[in-house]
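Thanks for coming, everyone. Please have the sequence and the model open in front of you. I will keep this brisk.

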Amino acid sequence: RLLSSSTAPAATMGRMHCPGKGISRSSLPYVRSAPTWLRNLYTAEDVVEHIVKLAKKGLSPSRIGVILRDSRGIAQVKALTGTKILRILKAKGLAPDLPEDLYQLIKKAVNVRKHLEKNNNDADAKFRMVLIESRIHRLARYYRRTKVL
């Protein structure tokens with residue numbers, strides 16, 4: 001007799017510092033190539049040139065992606081150029097020293113610490129600071145293991 005596939009749901013990985021196990025996220029389009037109207041409008045060299053110009057202004061890769069999406073209508077840079085924004089910046093020597101996710105966590109920790117200097121009795125902020133710092137250490141350990149830091 002043929003065995004049917006199990007009906008038990010697949011185990012999802014939980015969040016780091018909260019009880020949720022949500023899988024809600026945006027999904028990429030099925031078609032991996034850029035639409036023809038977009039390919040007719042921009043060439044890969046135009047997009048790379050614009051990315052470099054924005055990076056020289058000091059914008060992070062995610063901010064560059066948001067600007068390209070909102071002002072130029074370029075939803076996926078990889079569909080037009082064949083490479084991602086961060087890889088383009090690394091090839092041009094404009095990539096940030098710290099990875100962006102680690103930088104944002106450090107920035108958040110600095111803001112919470114500044115808040116704690118003024119409000120020393122804020123127990124919740126102290127607890128959240130411990131959680132933020134543990135995320136920073138975990139991410140730094142990952143980046144050291146993968147030779148990024």
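First, a word on terms. When I say helix, I mean a DSSP run of H or I with at least four residues, numbered from the N terminus. With that in hand, Val148 is in the segment after helix H7, which covers 123-145. And please remember throughout that this is a predicted model.

Let's stay at that end of the chain. How exposed is Val148? Its relative accessibility is 45%, so Val148 counts as partly exposed. Val148 also belongs to a nonpolar surface patch. The patch covers about 480 Å². Its other members are Leu98, Tyr103, Ile106, Val110 and Leu149.

Now look at Lys147. Lys147 also sits in the segment after H7. Its phi is near 65°. That is a positive value, in a residue that is not glycine. Is Lys147 buried or exposed? Exposed, because its relative accessibility is 70%.

Next, salt bridges. How many does the structure hold? Three. Let's take them in turn.

Start with Arg113 and Glu133. Their side chains meet in a salt bridge, 2.4 Å from N to O. Why does this pair catch the eye? Arg113 is in helix H6, residues 100-118, and Glu133 is in helix H7, so the bridge ties together parts that are 20 residues apart in sequence. On accessibility, Arg113 comes in at 42%, so this arginine counts as partly exposed. Glu133 is at 26%, so the glutamate is partly exposed too.

The next bridge stays inside one helix. Arg128 and Asp124 are both in helix H7. They are four residues apart, about one turn of the helix. Their side chains meet at 3.6 Å, N to O. Arg128 has a relative accessible area of 39%, which makes it partly exposed. Asp124 has 46%, and that is partly exposed as well.

The remaining bridge joins Arg69 and Asp70. Here the closest N and O atoms are 2.8 Å apart. Are both partners in one exposure class? No single label will do, and the cut-off explains it: exposed means over 50% relative accessible area. Arg69 has 45%, so it is partly exposed. Asp70 has 54%, so it counts as exposed.

On to the pocket. What is the volume of the largest pocket? About 420 Å³. Its lining has 16 residues, and the closest to the centre are Pro29, Val31, Arg32, Gln76 and Ala79. Which elements give two or more residues to that lining? Helix H1, 36-41, and helix H4, 77-81. By class, the lining has 10 nonpolar residues, three polar and three charged.

Let me pick out two of those central residues. Take Ala79. Ala79 is in helix H4. Its relative accessibility is 24%, so Ala79 counts as partly exposed. Where does its backbone meet a distant part of the sequence? Look at Ser33, which is 46 residues from Ala79 along the chain. The two C-alpha atoms are separated by 5.0 Å.

Now Arg32. Arg32 is in the segment before H1. Its relative accessible area is 78%, so Arg32 is exposed. Measure over to Gly73 in your viewer, 41 residues away along the chain. You should find the C-alpha atoms separated by 16 Å.

One more stop, and then I am done. Find Asp122, in the loop between H6 and H7. Asp122 has 26% relative accessibility, so it counts as partly exposed. Lys92 is 30 residues from Asp122 along the chain. The C-alpha atoms of that pair are separated by 45 Å.

To recap, keep three things in view. There is the largest pocket, with H1 and H4 each giving two or more residues to its lining. There is the bridge from Arg113 to Glu133, which ties H6 to H7. And there is the nonpolar patch that includes Val148 and Leu149. Questions, please.

How values were computed. Residues numbered from 1 in each chain as written. Predicted model: local features only at pLDDT ≥ 70, side-chain atom pairs only at ≥ 80, totals over all residues. Heavy atoms only, no water. 1 Å grid on protein atoms, 1.4 Å probe; cavity = no way out; pocket = protein on both sides within 12 Å on 5 of 7 lines; lining within 4 Å. Points joined across faces, edges and corners; volume = space filled by probe spheres on them. Nonpolar A, V, L, I, M, F, W, Y, C, P; charged D, E, K, R; others polar. Patch = residues over 30% accessible without salt bridge, like charges linked within 9 Å, V, L, I, M, F, W, Y side chains within 5 Å. Areas by Shrake-Rupley, 256 points an atom, 1.4 Å probe, with all protein chains shown as cover. Salt bridge = Lys/Arg side-chain N within 4 Å of Asp/Glu carboxyl O. Buried < 20%, exposed > 50% of the residue type's maximum accessible area, 1.4 Å probe, protein only.
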